[in-house]
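Visitor: I would like a close look at one part of this protein, the nonpolar core. Please take me through it step by step.

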Amino acid sequence: MGAGYRSRLIYFLTFITPQDVPMTHAELVNENYELLFRYYGGVAYRHAAASKDPMQQEITRRAILYNSSQECIVSAILKEKAACLDWDAHGSFAVFTNTTINVYENKGLMIKSADSVLSSLIAWIYKKYSPLVETFDSYLIKIFASGIYKKWVEEESTQSKRVGAKWLNEQRDSSINRQIIAVYLDYSTSLKPLQISSFYGIFSLLFIGVCVSLIVLVFESYHQWNNIFELIFML
């Protein structure tokens with residue numbers, strides 16, 4: 001058996017600025033958010049339903065089930081306070097291909113949770129004593145160690161964003177597209193919390209003012225001492 005990759009069940013949250021939003025699942029269940037759960041009919045929902053953890057029991061109780069990652073993500077964007085719970089890879093792909101306005105926008109309409117509720121290993125199965133297992137594992141180790149896997153993920157993300165932006169551009173007259181554009185414009189033009197970068201201009205002007213003051217001080221001091229020396233010589 002050759003082990004594949006690890007996927008995480010996380011949530012995607014909208015309206016990240018300027019509101020303070022929950023960043024963990026524990027914080028999420030304590031807030032008045034709609035919990036949109038991407039239902040695959042498998043381990044994630046059953047795990048949460050059977051869990052004795054109060055947090056996961058609350059998630060199950062409030063979960064609104066969706067059979068599509070795309071519908072879950074879009075609904076989370078269009079609702080005022082909502083979070084979509086989905087596997088990392090599936091949710092990210094749905095975000096990139098269905099809600100991307102600007103391909104090179106570093107900060108989009110959504111953020112991921114800081115934690116995950118459940119991790120699941122994906123595996124490839126081979127026949128017993130298969131000669132491919134050792135070779136396959138060797139290639140996997142090299143792919144992850146060399147950073148190629150990370151590069152592939154980044155390239156796939158960029159390509160998915162291009163596809164999504166093109167699709168949205170072709171759906172200009174659709175109801176969903178108009179709503180997403182409205183949310184994006186509201187987000188991009190809304191007030192942002194102050195950061196260090198917000199003070200760069202002020203600091204620059206202050207620095208220039210200090211420099212000019214020092215130059216004027218030196219110039220005046222020079223003329224003052226020059227006048228004193230002239231007075232001394234005259235005496």
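Guide: Here is a walk through the core, then out to the surface. Keep in mind that this is a predicted model.

Start with the largest nonpolar core, which has 14 residues. Those with the most contacts inside it are Leu 28, Leu 35, Phe 37, Ala 44, Ile 59 and Leu 85. Four elements give two or more residues each: α1 (25-29), β2 (34-38), α3 and β4 (82-87). The largest share, 3 residues, comes from β4.

Now pick out Ile 59. Leaving aside residues up to four places away in sequence, Ile 59 touches His 25, Val 29, Leu 35, Phe 37 and Leu 85. A second, separate core has 12 residues. Leu 36, Cys 72, Ile 73 and Ile 77 are included there. In soluble globular proteins, nonpolar side chains tend to be buried together.

Next, look along helix α3, which covers residues 54-62. Gln 56 lies in this helix. Gln 56 counts as buried because its relative accessibility is 7%, and the cut-off for buried is under 20%. Beyond residues up to four places away in sequence, Gln 56 touches His 47, Ala 48, Ser 51 and Val 117.

Finally, go to the surface. Helix α9 spans residues 200-234 and holds Leu 214. With a relative accessible area of 48%, Leu 214 is partly exposed. Leu 214 also helps make a nonpolar surface patch of about 590 Å². The other residues of that patch are Ile 202, Phe 203, Leu 206, Val 210 and Leu 217.

How values were computed:
Residues numbered from 1 in each chain as written. Predicted model: local features only at pLDDT ≥ 70, side-chain atom pairs only at ≥ 80, totals over all residues. Heavy atoms only, no water. Patch = residues over 30% accessible without salt bridge, like charges linked within 9 Å, V, L, I, M, F, W, Y side chains within 5 Å. Areas by Shrake-Rupley, 256 points an atom, 1.4 Å probe, with all protein chains shown as cover. Salt bridge = Lys/Arg side-chain N within 4 Å of Asp/Glu carboxyl O. Buried < 20%, exposed > 50% of the residue type's maximum accessible area, 1.4 Å probe, protein only. Contact = heavy atoms within 4.5 Å. Core = buried A, V, L, I, M, F, W, Y, C linked by side-chain atoms within 4.5 Å.
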